[in-house]
Amino acid sequence: MLHSIKKMISGEVIELKQLKKIVSKINALEDSFTNKTDIELQTYTTNFREQLNNGATPEEIMLEAFAVVREASKRVLGMRHYDAQLMGGAVLTQSQIAQMQTGEGKTLVATLPAYVMALHGKGTHIITANEYLASRDFEQMKPLFEFLGLTVGLNISGLENDEKQAAYNCDITYGTGTEFGFDYLRDHMVQSEDQLVQRPLFYALIDEVDSILIDEARTPLIIAGKSNASLNLFPIMQLVISSFKDEEDYNYYPETKQIVLLDNGADRLEEAFGIDNVYDREHREFMHIAMQTLRAKVVMRKDVDYIVKDDKIMIVDPYTGRIMEGRTFSDGLHQAIEAKEKVSIKEENNTQASIMIQHYFRLYKHVSGMTGSAVPSRDEFWETYNLRVTEIPTNKPNKRVDMETLVYLTYEDKIKKIVEETQKFHEIGRPVLIGTTSIEQSEKLSSYLNDLEIEHSVLNAKTVEDEADLISQAGQMNKIMLATNMAGRGTDINLGEGVAELGGLHIIGTELHSSARIDMQLRGRGGRQGDPGSSQFIISLEDELFHYYDEEQFAKYKNKLKTDDSGLIISSNPTKFVYNVQSVIEGMHFSSRSHMLKLDDINNDQQRVMYNYREKALKVENMQMLIIDAMHERLNHLIDELAESNVNDVHESSILNEIMDEIKIISMLTSYEDDLFTSLDAENKGQLKEALEAVYEKAFELVNMTSSDSEDWRNIQSYYTETLDRLWIGHLDNLHHLREGISIRGYGQEDPYRLYSFDALHLFQEMLHTFFRDVIRYNLQVNGVKEEQ
């Protein structure tokens with residue numbers, strides 16, 4: 001009863017009633033559309049476009065549009081949309097999130113809103129979790145969209161520029177979130193407008209929306225270039241730090257993954273490298289490499305955070321278990337891990353462009369998404385993205401049995417039970433999918449099964465090439481599969497002949513993940529589309545989840561628990577305790593994402609300003625106007641600085657000297673004949689202001705006299721964008737160092753976000769005025785030389 005009241009208060013019951021009415025109206029149209037010819041059906045696309053162009057909303061054409069897509073799908077694909085799929089499509093068309101269980105046919109659901117939104121002609125992007133799924137969905141659904149008169153493209157990594165432009169110019173484009181995000185960054189690094197690939201971002205439909213908008217939200221998309229940092233120090237530092245010990249040379253706090261170097265550790269570094277004081281300013285880079293090497297030793301784990309393959313360190317996504325292709329750890333950490341694992345150390349990269357996934361998708365005018373596990377993050381979706389979550393009922397009743405979680409005291413006791421359960425189901429022929437949280441755990445459990453000569457398959461980032469084939473076999477009779485989280489998304493597991501009669505696929509979860517949504521995804525691999533199935537989590541208090549929980553509270557709980565002979569905890573209330581721990585850890589991650597979002601909101605606002613300058617330079621027909629704008633900005637800034645300066649203040653007297661220099665340089669570049677600066681008094685603010693305005697007046701005349709179609713303007717345009725890029729890269733580095741100190745500054749009883757905002761704005765303004773100064777001087781120099789000639 002209470003649950004029903006809560007659903008009514010949240011609006012969920014009302015929402016479902018509305019969705020059912022929509023479905024009833026679409027179903028009522030079905031017979032009339034069945035009788036139409038292909039040409040009559042295809043004519044609707046033109047009619048719908050006209051209606052939208054005349055001011056109709058997507059919701060106003062949705063009923064007929066969905067009926068058209070369903071009828072076309074029956075003819076082209078031999079697939080008819082279920083009522084539940086129509087409900088999901090309606091939610092997505094209204095820019096919301098639809099929670100739909102595994103096996104409900106989300107690929108087909110996406111065709112409904114994609115068709116409606118593509119009719120605007122502004123580009124619909126269908127985002128998938130990986131390129132395999134993007135290619136698969138593109139191939140499957142392309143015939144349907146083309147039958148309806150729409151163009152369909154596939155945007156994957158490795159395409160040439162013209163191929164990407166063609167893909168983005170299609171009505172509907174399939175691809176991954178990271179590739180779309182990287183294209184956005186690359187578009188803001190090009191040197192001419194014809195190199196741009198993306199159109200203004202209009203509509204994104206995101207499959208596995210929680211994975212992309214929440215799990216990947218803390219991972220920024222970064223385009224990097226080579227830096228000049230010395231690589232020779234990393235292997236030497238690794239030799240020294242490899243022998244460091246916890247609580248002797250450093251303290252490690254696993255709940256926050258923070259490391260503090262102790263005096264003994266500092267002394268050892270000084271002795272090894274012949275340094276008097278490692279904390280001196282001149283040794284800042286040295287200490288940075290030392291701490292990253294220590295972090296690589298203590299925090300970063302092989303086959304959990306990364307794998308070693310083909311003489312390379314490859315990052316493992318903690319939420320999907322997949323390799324993060326093309327990604328590297330930043331700020332020297334990657335090189336430190338390379339030294340630790342004794343592989344070739346590659347040049348460190350400097351950030352040239354960066355954007356958080358959260359901010360990239362906020363750039364779209366409309367966003368919607370699908371997943372089987374959105375409800376646990378309902379609040380975060382609303383707070384961060386203004387997206388509502390609606391739970392869609394399954395097409396067929398869910399027959400999966402979710403058994404009570406078993407909690408063991410030790411890892412060994414847990415493993416014994418997992419093996420025992422696996423053997424029990426294997427003996428009767430039922431397939432078993434065993435989910436693990438890391439490659440390390442999957443390989444460890446695999447060795448136990450091998451010792452008992454139990455035949456099984458392993459699916460993790462090291463065997464990703466065989467993923468589709470392995471998943472397709474997971475539901476066959478007698479099959480046992482060990483898999484990381486990558487088995488939890490994307491591909492349906494179909495039951496083999498006779499398996500349903502035995503009870504279907506059985507899922508065993510070996511650890512609780514730090515997010516309940518990932519556990520939901522694992523359970524969802526069984527019992528698809530009304531199939532029978534079962535699931536159970538078998539965990540221990542030695543699992544990694546509990547490493548991040550408060551030590552004192554954890555110790556109190558362990559002191560009062562009781563176990564049976566097998567090590568199973570029978571009191572006090574183990575399931576309540578472990579799910580409370582999971583909830584606490586989820587809250588920590590949410591706080592971390594919120595923290596990063598607050599900081600990155602500031603960076604993102606600055607990036608938009610910078611990209612706006614850049615976009616104007618690429619598209620403007622008259623470059624003179626941008627230079628004149630820069631001159632106005634520079635002049636007004638200097639006049640404001642002059643008005644606020646105090647000649648008796650050491651710092652502010654340097655501002656007066658800067659203005660003196662500006663007058664001299666602009667005077668020289670414009671061949672200003674009046675020798676006014678020889679008699680200038682640096683302490684006479686009124687005189688300085690008059691001189692500054694006089695030389696800039698001459699500069700304005702010079703710029704206005706120059707022909708706007710001059711070849712020189714193309715050179716100035718290139719210099720304009722290249723200078724902006726160079727200064728922005730340096731600014732990103734400054735912001736990175738500023739962020740590193742934010743938590744320390746918070747101890748001073750001041751709001752660290754306000755302090756960061758103030759300092760970041762100051763740095764940005766300095767960067768912009770350096771930019772204005774440089775492009776003005778370059779322009780005057782080019783045009784001055786031309787005048788002389």
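I count Ala, Val, Leu, Ile, Met, Phe, Trp, Tyr, Cys and Pro as nonpolar, Asp, Glu, Lys and Arg as charged, and the others, Gly among them, as polar.

**Ground rules.** The model is predicted, so I note that local features need pLDDT of at least 70 and side-chain atom pairs pLDDT 80 or more, while totals for chains, interfaces and linings use all residues. Residues are numbered from 1 along each chain as its sequence is written, and side-chain values use heavy atoms, with hydrogens and water left out.

**Cavities.** I looked for enclosed space on a 1 Å grid over the protein atoms alone; a cavity is a set of points where a 1.4 Å probe fits but cannot get out, and its lining residues have an atom within 4 Å of a point. Points are joined across faces, edges and corners, and the volume is the space filled by probe spheres set on them. I found eight cavities of 30 Å³ or more. I then opened the second largest, with a volume of about 90 Å³. It is lined by 13 residues, and Gln101, Thr102, Thr394, Asn398 and Gly527 are the closest to its centre. What classes make up the lining of the second largest cavity? I noted nine polar residues, four charged and no nonpolar ones.

**The open sheet.** Helices (H or I, at least four residues) and strands (E, at least two) are DSSP runs, numbered from the N terminus. I call two strands paired if DSSP finds at least two bridges between them. One open sheet has seven strands, in the order S3-S4-S2-S5-S12-S1-S13, with parallel pairing. Its edge strands are S3 (152-155) and S13 (389-391), each paired on one side only. Neighbouring strands of this sheet are turned by 20° against each other on average, direction ignored. Inside the sheet I checked S2 (residues 124-128) against S5 (residues 203-207): they are parallel over four bridges. Ile127 has Ile206 in S5 as its bridge partner.

**A hairpin.** S9 (residues 306-309) and S10 (residues 312-315) run antiparallel, joined by four bridges. Tyr306 is bridged to Ile315 in S10. Lys309 stands opposite Lys312. Two residues lie between the strands, and Asp310 takes a positive phi near 55°.

**Helix pairs.** Axes are lines fitted to C-alpha atoms, for helices over the stretch in contact, and angles run from 0 to 180 degrees between N-to-C directions. The axes of H3 (residues 38-53) and H4 (residues 58-76) come within 10 Å and cross at roughly 155°. H3 is therefore roughly antiparallel to H4 (under 35 degrees is roughly parallel, over 145 roughly antiparallel, 65 to 115 roughly perpendicular, the rest oblique). H18 (residues 411-427) and H19 (residues 439-451) pack at about 60°, with axes 11 Å apart. That makes H18 and H19 oblique to each other.

**Backbone oddities.** Most residues other than glycine have a negative phi, and most peptide bonds are trans. Where did I find a cis peptide bond? It joins Ser571 and Ser572, with omega about 0°. Ser572 sits in the loop between strand S22 (569-571) and helix H24 (574-619). Glu247 is not a glycine, yet has a positive phi of about 70°. I placed Glu247 in the loop between helix H12 (233-241) and strand S7 (250-253).

Definitions and conventions: 1 Å grid on protein atoms, 1.4 Å probe; cavity = no way out; pocket = protein on both sides within 12 Å on 5 of 7 lines; lining within 4 Å.
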